[in-house]
Amino acid sequence: MPEVLPTRPAIARAQFGRLRALLAEVLPTNSFYARKIPDGLAGKFSTLEGFAAEIPFTLKSELVADQLSNPPYGTNLTYPLACYTRCHQTSGTSGAPLRWLDTPESWDWMVRNWERVHRLAGTTSADRIFFAFSFGPFLGFWLAFEAGARLGCLCLPGGGMGSVARVRAILDHGATVLCCTPTYALHLAEVAVAEQIDLSASRVRILNVAGEPGGSIPATRQRLGEAWGGARVFDHHGMTEIGPVTYECPVRPGVLHVLEDAFIAEVIDPVNGRAIAPGHNGELVLTNLGRTGSPLLRYRTGDLVQSAAREVCDCGSSELALEGGILGRTDDMVVVRGVNVYPAAVEEIIRAVGGVAEYQVCVSAGRALTELVLKIEPAVNCGDVIALVRQLERALHHALALRVPVTAVPSGSLPRFEMKAKRWVKD
């Protein structure tokens, strides 16, 4: 049973109390928000709805501009620089990277949120967690590792290893939980086949994945589970600048719940900024309630989601449910001959057909009309490459009402990714 407040009114009351405490701490000394929020405005609202109506959005472009004007960390700092002990950085996949500082108190708040993600995935102190990534400047790796250690798990770092070494380490250590991106989990399984390493000997029972929409895409989830001997796929998401945000519903795979004891979540129309009705797609907007040292108020994340009605879920949680998880990003959509095409939709088609080890989508925007071309590496056990190509072309045409040429390329010719996959290439 999720560790959440039992009713919507109780959640809202707790959120509002934390919000008022956050603003009281932040606004007197945080010059970034002092410039955005006129003096006295924070005291004019008495509900969460009033907060959303009065407080402006925070945009990533504002944060980037602030850090460029006030290097290296910008002015979104509530305390003197000497109070901060952690520095992390966004990936920069959708613009200039952001540097983000945290105090010990803010860091502890985020670790506690990540502990909850681990617990809801089914992880216990008896588990051995393998972290299959290099420990660079991105936030999530360090949080996930520290949260696992606090739970009492044996935490196994996979930094500085190649993929073959990581597969062998997972088996040698008897790891029971694997943390990485969905793409990299599939790649590790591919490496195991190439190296004739039998993953049926693996003890991995949970694949805790994030960083891409794949963890909530049914066909990708199925392929992941099959590749790892029936391990349960658990999706979640977060951002370096905002922290860990969601966890997968324990009884409805592919649905993410927002950690609403830690965040105020809104779903808006990305064009006009107005709240949308449940059941419609919109952009996720978040206010973190405990990262006092470097807060974000009404932050437009750029993540596209579909919000469900705020009611009790089958799992018992009253926290906001996002149907289908993170559907994509507002800047990822490509319009091809009048059709809105999202990367997650294309991945679902490819994984549902099967037989593809890796793929790349080439977007040609230099012509009068934007065109897509799909390159695929057939899986090693693919018996008829021509038939696979034709099947994919039919499936893409049926699902998208577009004719997308598919080309098979030699094995190993397409890039592999440890971090977020960059499969869409624009010319």
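Two strands pair if DSSP finds at least two bridges between them. With that rule in hand, look at Glu248, which stands opposite Leu256 in strand E9. The model shown in these views is predicted.

**Figure 1. The whole protein has eleven helices and 20 strands.** Its radius of gyration is 22 Å, close to the 22 Å that the globule rule gives for 427 residues, so the protein is as compact as a globular protein of that length. The C-alpha trace spans about 70 × 55 × 45 Å along the principal axes. Of the 427 residues, 53% are buried. Now take the contacts with a separation of 6 or more: 68% of them come from residues 24 or more positions apart. The exposed area of the protein is about 18,000 Å², and carbon and sulfur atoms supply 55% of this area. The side chains include 41 positive and 43 negative ones. The centres of these two sets lie 1 Å apart.

**Figure 2. A hairpin links strands E7 and E8.** Strand E7 covers residues 232-239 and pairs with E8 in the antiparallel sense. Four bridges hold this pairing. One match to find is Gly238, whose bridge partner in E8 is Pro244. Three residues make the connection between the two strands. How many residues of E8 are buried? Six of the six are, so E8 is largely enclosed by the rest of the structure.

**Figure 3. Strand E8 also pairs with strand E9.** E8 is residues 243-248, and its pairing with E9 is antiparallel over three bridges. Two matches can be picked out here. Tyr247 has His257 in E9 as its bridge partner. Glu248 stands opposite Leu256 in E9. The hairpin of E8 and E9 has six residues between the strands. In this hairpin, Gly254 takes a positive phi near 90°.

**Figure 4. Strand E9 is covered on both faces.** This strand is residues 255-258. Which residues sit on each side? Val255 and His257 are on one side, while Leu256 and Val258 are on the other. All of these residues are buried. E9 is joined to strand E13, residues 321-323, by three bridges. The two strands run antiparallel. Leu256 stands opposite Leu322 in E13. Leu256 also faces Glu248, the match seen in the previous view.

**Figure 5. Strand E11 is mostly covered.** E11 is residues 281-288, and seven of its eight residues are buried. Strand E10, residues 263-268, pairs with E11 in the antiparallel sense over six bridges. Strand E12, residues 299-306, also pairs with E11 in the antiparallel sense, over five bridges. Which residue of E11 should you follow between these partners? Try Glu283, the bridge partner of Ile268. Glu283 also stands opposite Leu304 in E12.

**Figure 6. Ser163 is found in helix H7.** The helix is residues 163-173. Is Ser163 buried or exposed? Ser163 has a relative accessible area of 18%. Buried means under 20%, so Ser163 counts as buried. Set aside its neighbours within four places in sequence. Ser163 is then in contact with Tyr184, His187, Leu188 and Val191.

**Figure 7. Arg423 lies in a loop between two strands.** The strands on either side are E19 (406-408) and E20 (424-426). The relative accessible area of Arg423 is 6%, under the 20% limit, so Arg423 is buried. What does Arg423 touch, not counting residues up to four places away in sequence? Its contacts are Thr183, Glu347, Arg351, Glu358, Tyr359, Gln360, Val361 and Phe417. Take Glu358 from that list. Arg423 and Glu358 are 65 residues apart along the chain, and their C-alpha atoms are separated by 9.1 Å.

Key. Residues are numbered from 1 along each chain as its sequence is written. This is a predicted model: local features need pLDDT of at least 70, side-chain atom pairs count only at pLDDT 80 or more; totals for chains, interfaces and linings use all residues. Side-chain values use heavy atoms; hydrogens and water are left out. The radius of gyration is taken over C-alpha atoms; the globule rule is 2.2 Å times the number of residues to the power 0.38. Buried means under 20% relative accessible area, exposed over 50%, partly exposed in between (1.4 Å probe, protein chains only). Contact means heavy atoms within 4.5 Å. Accessible areas come from the Shrake-Rupley method with a 1.4 Å probe; for residues, only the protein chains shown count as cover. Lys and Arg count as positive and Asp and Glu as negative; His and the chain ends are not counted. The place of a charge is taken as NZ of Lys, CZ of Arg, CG of Asp or CD of Glu.
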